[in-house]
Amino acid sequence: MAKHKFKTEVSQLLKLIIHSLYSHKEIFLRELISNASDALDKLKYLTLTDEEFKKMHFEPRIEIEFDEDKSTLTVADNGIGMNSEDLDGQLGTIARSGTRSFLDQLTGDASKDANLIGQFGVGFYSVFMVADKVEVLTRKAGEEQAWLWSSTGEEAYTIKEAAREENGTTVTLHLNDEGSEYANRWQIEQLVKKYSDHIAFPIFLEYDQKSYEGEGDDKKEKIEHKRDQVNKASALWKRAKSDITEEEYHEFYKSIGHDNEDPLFYLHTQAEGTLQYTTLFFVPQHAPFDMYQADYEPGVKLYVKRVFITDDSKELMPTYLRFVRGVIDSDDLPLNVSREILQQNRVMSQIRNSSVKKLLGEFKNIAEKDPEKYQKFIEQYNRPLKEGLYSDFANRETLLELVRFKSSETEGYTSLAEYQERMKEEQKAIYYITGEDEETLRNSPLLEAYRKKGIEVLLMDDDIDEIVVPSIGKYGELELKSVNRTGADEELKSEDDKEKEEEVKPLLERIKKVLGDKVKDVVASSRLSDSPSCIVADENDPTVQMQQMLKAMGQKDVPEYQPILEVNPNHPIVNKLRDSQDESLLEDVSFLLLEQAMLVEGAELKKPADFVKRLNRILEKAV
Ligand code: ADP
């Protein structure tokens, strides 16, 4: 017998689950049934597509038994089963790439953490809320050897050889005091109805029924062994929409989405045209934990005529909609459609295209009809929608209506349409500024003159804005212009400004000479009012933030792009400097104009010691 230790993450998780999900401990049954159903799905697929399994007689079913006296509960299936490697790899670790990052997000604050754990599908491990010992007897389809996995949910579990008549898995819970109530016929029936009615395979419950025969002294107890089917066993998505209650949709979601929260919303489509297919999509209230990991688990399952085909294909949804969970069931795909050819399949790509259109249409619908819900949606999914802006050209116009931005003029999020509505008639472009965080952006000197003129600027503090927004180009007739770049201030210039520019030209030439290759150019600015200077990027160069982002992403040789230094011709410092002949003062001030502008933009100074020396020389003169 081999003894194994749980991966550290798992034992940490076990403790957390047991403490936090306690008020919902009944969900363990939903998790076991949903695992059994997945196991039946997998074997069914093999019996239809794999020569080795085609001859197999397969009547998929789930069996539940209990023993009130011994306080045990058993859930069995005749599905795919597991061998010892599967047991070790799948039950010994929570096979989710998000587990680690999930644990990192925990704060130690019990109420916040309970909320987080609520979002994290804990699956099989939920059994340890109601049992102090769990045994899994399992035999993989196509193999002879069966295995018994056993654990008390503490540090370790054991795996040993065992025997099982047919393939499949039997999970036996030795219920603890809190769980003993579940060794009960009515409890189980009620829980199956509530959580697992839609499971597409029959679920049978075995129980003993006591009855009495005869009267008085002749009265005899009679025990009958019974076996009833306790679920509807029809695929929920195939039922008429009008027959499905909101609660049924929600329970279905929780079971396929491994989530403990209701979905934010769902979309059920039964298409009856040249192509016949059904889709049932859900948007989780909280973005999946692994959403930003390269090995995220896609959330959409593909069925062909109710037969499960795959749940790990990234072809079913475009990457930017990877947060969507649900089911696609097609009548037109061949059952043995290989996962590999899905990509080139014409039927699949048509279903996918119209699914995307439907989903985006529904998002738009919610934005118009239920702003509060849309707000929640945006808080979770604004960023993936922005990814869509550069990856899904066909739906760009819709996506442009869906994404939201922060703004210099409003609190919270705003749409491009709302920006346009607020715009002054003579304004020629949509302005935006990119940078690290909202606070820095709101205080950026680059915004001063725009603010004075009442021109709204969108604040882009998402790291992907740098990449996405320039690629948008235009919203309708309006160009999107980055305030961080040259050329965006044309609109702010008056005749006066142009005169002023001429006047400071000689000074700017001198500053440029002093700064040498530290800058690309030194120009007069019309976008500054209180600050003496700012830096911007040249039209086609990456901004300071973008350069930093590239470095943070591990890109080594990020070339040095010199900024353009913009100087405020109306600022007292600049005016005084113009009349000064003190060359060493000019040198210090020139550098300080550049360095302070870099600091406000969140850029790093190469030689902070030099900066401090200069600053002190100037202070000495001033004091
Ligand atoms: P999830 O179902 O979210 O993957 P679980 O912790 O519930 O997470 O299960 C872990 C893995 O263990 C499953 O993905 C599956 O591979 C395996 N497993 C669990 N129950 C069964 C079962 N009844 N039959 C076959 N495999 C199972």
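Here are three short exercises on this structure, which is a predicted model.

**Exercise 1: strand β7**

Work out which strands pair with β7, and in which direction they run.

*Solution.* Start with β7 itself: the strand spans residues 168–175, and seven of its eight residues are buried. Next, look at β3 (residues 72–77), which is joined to β7 by six bridges, with the two running antiparallel. In that pairing, Asp 77 sits opposite Thr 169. Then turn to β4 (residues 131–139): eight bridges tie this strand to β7, again antiparallel. Here Arg 139 faces Gly 168 of β7.

**Exercise 2: around the ligand**

Find the polar atoms that lie by the ligand's oxygen and nitrogen atoms, then say how much of the ligand the protein covers.

*Solution.* Twelve residues surround the ligand, and Asn 35, Ala 39, Asp 77, Gln 90 and Phe 124 come nearest. Take Asn 35: a polar atom of its side chain is 2.8 Å from a ligand oxygen. Phe 124 uses its backbone instead, with an N or O atom 2.9 Å from an oxygen of the ligand. Thr 169, the β7 residue opposite Asp 77, has a polar side-chain atom 3.3 Å from a ligand nitrogen. On its own the ligand has 530 Å² of accessible area, and the protein covers 83% of that. Two elements, α2 (27–49) and α4 (84–91), each give two or more residues to the shell; α2 gives the most, with three.

**Exercise 3: Val 623**

Decide whether Val 623 is buried or exposed.

*Solution.* Locate Val 623 in the segment after α20 (608–622). Its relative accessibility is 87%, so Val 623 counts as exposed, the cut-off being over 50%. Together with Leu 615 and Leu 619, Val 623 makes a nonpolar surface patch of about 310 Å².

Notes: Residues are numbered from 1 along each chain as its sequence is written. This is a predicted model: local features need pLDDT of at least 70, side-chain atom pairs count only at pLDDT 80 or more; totals for chains, interfaces and linings use all residues. Side-chain values use heavy atoms; hydrogens and water are left out. Buried means under 20% relative accessible area, exposed over 50%, partly exposed in between (1.4 Å probe, protein chains only). Helices (H or I, at least four residues) and strands (E, at least two) are DSSP runs, numbered from the N terminus. Two strands pair if DSSP finds at least two bridges between them. Patches are made of residues with over 30% relative accessible area and no salt bridge: like charges are joined within 9 Å, nonpolar side chains (Val, Leu, Ile, Met, Phe, Trp, Tyr) within 5 Å. Accessible areas come from the Shrake-Rupley method with a 1.4 Å probe; for residues, only the protein chains shown count as cover. A salt bridge is a side-chain nitrogen of Lys or Arg within 4 Å of a carboxyl oxygen of Asp or Glu. A residue is near a molecule or strand if one of its heavy atoms lies within 4 Å of it. A polar contact is a pair of N or O atoms within 3.5 Å; within protein, one must be able to donate a hydrogen and the other to accept it, and residues adjacent in sequence count only if both atoms are side-chain atoms.
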